[in-house]
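Q: Got a minute to go through this one with me? I'd like to talk about its rings and one of its pockets.

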Amino acid sequence: MTDNTSQNSLTLLGLGDMGTALARTWLAAGHHLTVWNRTAARAEPLAAQGAVVAATPAEAVAASRLVVVCLLDDSSVGSALDGIDLTGKDLVNLTTGTPAEGRARAAWAEERGARFTDGGIMATPTMIGVPESGGYVFYSGSRGLFDTHRAVLEVPAGARFVGENPGHAALHDVALLSAMWGMFAGISQAYALTEGEDIAPKDLAPLLSEWLGAMGFFVGNAAERLTSRDFTSGVVSNLAMQVTGTGTMLRTAEEQGVSTELISPYVDLLRRRLAADPAAHGAEDTAGAITLLKRP
């Protein structure tokens, strides 16, 4: 294969569920796509749709200036690209990883003559290529690379550039996922509490959705307080009151025969903040407890 520098051309390494969804979307949009996957059979359906299947990662990388990687983990990226000439390539890594891995992989790519941008995919495979799904990808690293290929990158899902620090795409990704998992934990607790009662899950569901939506104000409120470091002005429900209220939650769980393992860590955090200085922290908003999570 010869190097293809057309803006309509790209290479994709990795054809798992996400990689395959990306590939199908680029092919449907008319892009010249070269693909490689460790298990070659995964590429056969894409070949029927017009993809060029490379026998090796080196062959795939040589085919295009823009090389997108969507593999299992950072170690897989290193293994797939080991010994390959990356001079002049634009490498976009959509493999799930940590901020430190993103920064290290950026330095690794730059040492080999490539521009690098890391990505964090905020979508499931079924959301790829479906604009109304709301899926998008965080990108960070080389702004020049992102600007050059933005039109291509926006084909599968929205593209949001979050800075030139290569670790920030992964950091944004994991920050949002962490919030999601915390929400899932609370929802799970709510359903567990009502399990076995004359309360149908389908009847509780709209109430949960409505309540969680109403509590969404905490996102912006916490951001303002963490920025200003003012945890006491305009507080409606202070930390002392909230800590007192946690006792009712825990006792109710005990009465219902439900474990508190999902909510106890947050309750413990609030109690620790209050206990450190009741006079100073009792009148605070609960956002002050966030400061305890950061290790010195």
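**Rings and a pocket**

A: Sure. Trp181 is exposed, at 57% relative accessible area, and keep in mind that this is a predicted model.

Q: Which ring does Trp181 pair with?

A: Phe184, in an edge-to-face pair with 5.7 Å centre to centre and 80 degrees between the planes. The two are 3 residues apart in helix H7, so about one helical turn separates them.

Q: And Phe184, buried or exposed?

A: In between: Phe184 is partly exposed, at 34% relative accessibility.

Q: How many aromatic pairs are there by this rule?

A: The count is 4. Among them is Tyr136 with Phe138, edge-to-face at 5.1 Å centre to centre and 85 degrees between the planes. Tyr136 is buried at 13% relative accessibility, and Phe138 is buried at 5%.

Q: What lies over the face of Tyr136?

A: Arg160, at 3.6 Å from the ring centre. Arg273 lies over the face of Phe231, at 5.8 Å from the ring centre.

Q: Any rings linked into a cluster, and which?

A: Tyr139, Phe146 and Phe161, through ring pairs.

Q: OK, pockets now. What's the volume of the second largest pocket?

A: About 170 Å³. Its lining includes Met18, Cys70, Leu94, Ile121 and Asp173.

Q: Which element gives the most to that lining?

A: Strand S6 (115–122), with 3 residues. Helix H7 (168–194) also gives two or more.

Q: What's the lining like by class?

A: It has 7 nonpolar, 4 polar and 1 charged residues.

Methods. Residues numbered from 1 in each chain as written. Predicted model: local features only at pLDDT ≥ 70, side-chain atom pairs only at ≥ 80, totals over all residues. Heavy atoms only, no water. 1 Å grid on protein atoms, 1.4 Å probe; cavity = no way out; pocket = protein on both sides within 12 Å on 5 of 7 lines; lining within 4 Å. Points joined across faces, edges and corners; volume = space filled by probe spheres on them. Helix = DSSP H or I, 4+ residues; strand = E, 2+ residues; numbered from the N terminus. Nonpolar A, V, L, I, M, F, W, Y, C, P; charged D, E, K, R; others polar. Phe/Tyr/Trp six-rings, centres within 6.5 Å; stacked < 30°, edge-to-face > 60°. Buried < 20%, exposed > 50% of the residue type's maximum accessible area, 1.4 Å probe, protein only. Lys NZ or Arg CZ within 6 Å of the ring centre and 35° of its normal.
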